[in-house]
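Reader: Got a minute to go through a chain with me? I'd like to start broad and then pick at details.

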Amino acid sequence: MAVQTTNPYLEGPFAPVAEEVTATDLAVVGALPPELDGRYLRIGPNPMEGTVGDPAAHHWFTGDGMVHGIRLRDGRAEWYRNRWVRSTRVSTLLGEEPAPGERHGAMDTVNTNIIGHAGTTLALVEAGARPVELTEELATVRHTDLGGTLPNGFTAHPKRDPLTGELHAVAYHWSVPHLQYIVVGTDGRVRKVVEVPVDDGPMVHDMSLTERFAVVYDLPVTFDLESAASGASFPYAWAPGRAARLGVLPREGTAADIRWFEVEPCYVFHPLNAYDEPGADGGEGRMVLHVIRHERTFDADRSGPADVTPTLWRWTVDLDRGTVTEEQLDDRAQEFPRVAESRVGRPARYGWAAELGFTGPGDFGAGSNIIRHDLAAGTVDRHPAGASRQVGEAVAIARDGAPADAEDDAWIMSLAHDRDTDRGELVVWAADAPGAEPVARVPLPARVPFGFHGSWIPTAR
Ligand SMILES: [Fe+2]
């Protein structure tokens, strides 16, 4: 493939791969915990060879989606596969029939997150397209409206309530109705939709969930008609002077129940977690949000989220007084934050994030550690990947038999890019041994372009 020299999201660790690969019985460095029985799946943009056009106009968020998966069982890495998610565009370019399923909106590229839910594997994206169901081996089955229950598009960032198993989501699309709060039941069908009125068409990448509330991030990155008219693939831009606010909606409430709280202008792609602190004496008390805050984004840099250094903040929403207290907790460059799945919406002691090099646009993936925040102690540890490796999002996988409240009785897993070999590696650490080398690494036969999000999907038992 010709080297494209004018867009950092097409180069180095971001560079797309040209082929779908299947490899079996991969060599393991170290020892994979035998209890890990399932698939680690991660998705990201991988524009098809020769189709980008003007590299300078390419937006990282809109590249054709590619899923990378590693199947683990009995201490072995049984297979690695990478597959394009079949958008209409990808199918056409590959000479295949389009995947079935009615589409919503003009774009059906899905490239941002991949989850298991209700026995299916779903690839997800924001801004209007529907989920894409994949087989266990990552072939596209269909674009899905969740059995006729999903009115429009979905989101890349549903939150699974660990008690109910339901998915809570905030979906948006540039057209009306712009924004919806959606709850998907454990049967994989939408059981609740609330239309949330907002102005200006904000980009709403993620949401927060507590035991009482769903939180809508209405922040100053909005639909930009000028960009859309000029053909930009992702026509959202920083809106100087526009307010930033949080919409707090009781989980079983209606649009009339939403209350809005202003924060300083910023953008949050990803909250780490959120939880309630109920008040005494009948008051509503507070809600605490940990977020990775960008002071602005899609301003000077319209090809990716690299205007400023993203850092960890705590927002404390006083629901009785109507105020938000904002505090920076850590000034290291970091993104892709996660807590243990069992702590989503509840107080978490630990949070994990990918440490970034972040000297400027295109240096998004230059870190080589997973940061472990001890939010109770206010301290930071690291899970090192090694000097030549650049890590992405980490997931925490509870060990077999781990007590529900033992967040670090877990394995930490991430995909890394090794600059020395220009290949991907699956890396596994012991969550209770920060600072220690990985317990296992699985070098992969291909580069895994630095991408977005993923999940550990255990084998159903
Ligand atoms: Fe995201």
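Author: What follows goes from the whole chain to one sheet, then to the core and two loop residues.

Reader: What kind of model is it, and how many helices and strands are there?

Author: The model is predicted. The chain has 2 helices and 32 strands.

Reader: How does the radius of gyration sit against the globule rule?

Author: The radius of gyration is 21 Å, and the rule gives 23 Å for 461 residues, so the chain is as compact as a globular protein of that length. Along the principal axes, the C-alpha atoms fill a box of roughly 60 × 50 × 45 Å.

Reader: What share of the residues is buried?

Author: Buried residues are 51% of the 461. As for contacts with a separation of 6 or more, 57% are between residues 24 or more positions apart.

Reader: Sheets next. What is the order in the open sheet of 4 strands?

Author: The order is S10-S11-S12-S13, and the pairing is antiparallel. At the edges are strand S10 (159-160) and S13, each of which pairs on one side only.

Reader: How many bridges hold S10 to S11?

Author: There are 2 bridges between S10 and strand S11, residues 167-172. Arg160 has Leu167 as its bridge partner in S11.

Reader: And how many from S11 to S12?

Author: S11 and strand S12 (residues 179-184) are joined by 6 bridges and run antiparallel. Leu167 turns up here too, with Val184 as its bridge partner in S12.

Reader: What about the hairpins, how many residues sit between the strands?

Author: The hairpin of S10 and S11 has 6 residues between its strands, and Gly165 in that hairpin has a positive phi near 80 degrees. S11 and S12 also form a hairpin, with 6 residues between them.

Reader: Is S11 largely enclosed or open?

Author: Enclosed: 6 of the 6 residues of S11 are buried, so the rest of the structure largely surrounds this strand.

Reader: Which residues are on which side of S11?

Author: Leu167, Ala169 and Ala171 are on one side, with His168, Val170 and Tyr172 on the other. These residues are all buried, and both faces of S11 are covered. In general, side chains in a regular strand alternate between the two faces of the sheet.

Reader: Switching to the core. Which residues have the most contacts inside the largest nonpolar one?

Author: Ala123, Val215, Val216 and Ile412, in a core of 123 residues. As background, nonpolar side chains in soluble globular proteins tend to be buried together.

Reader: What does Val215 touch?

Author: Leaving out residues up to four places away in sequence, Val215 touches Met207, Ser208, Leu246, Gly247, Val248, Ala274 and Leu289.

Reader: Last topic, backbone oddities. What is phi at Asp200, and where does the residue lie?

Author: Asp200 has a positive phi of about 75 degrees although it is not a glycine. Asp200 lies in the loop between strand S13 (190-195) and strand S14 (207-209). With 14 other C-beta atoms within 10 Å, Asp200 is partly exposed.

Reader: And Asp281, buried or exposed?

Author: Exposed, with 6 other C-beta atoms within 10 Å of Asp281. Phi of Asp281 is positive as well, near 55 degrees. Asp281 is in the loop between strand S20 (267-277) and strand S21 (286-294).

Terms used. Residues numbered from 1 in each chain as written. Predicted model: local features only at pLDDT ≥ 70, side-chain atom pairs only at ≥ 80, totals over all residues. Rg over C-alpha atoms; globule rule 2.2 N^0.38 Å. Buried ≥ 20, exposed ≤ 12 C-beta atoms within 10 Å, placed from the backbone. Contact = placed C-beta atoms within 7 Å. Pairing = 2+ DSSP bridges. Core = buried A, V, L, I, M, F, W, Y, C linked by C-beta atoms within 7 Å.
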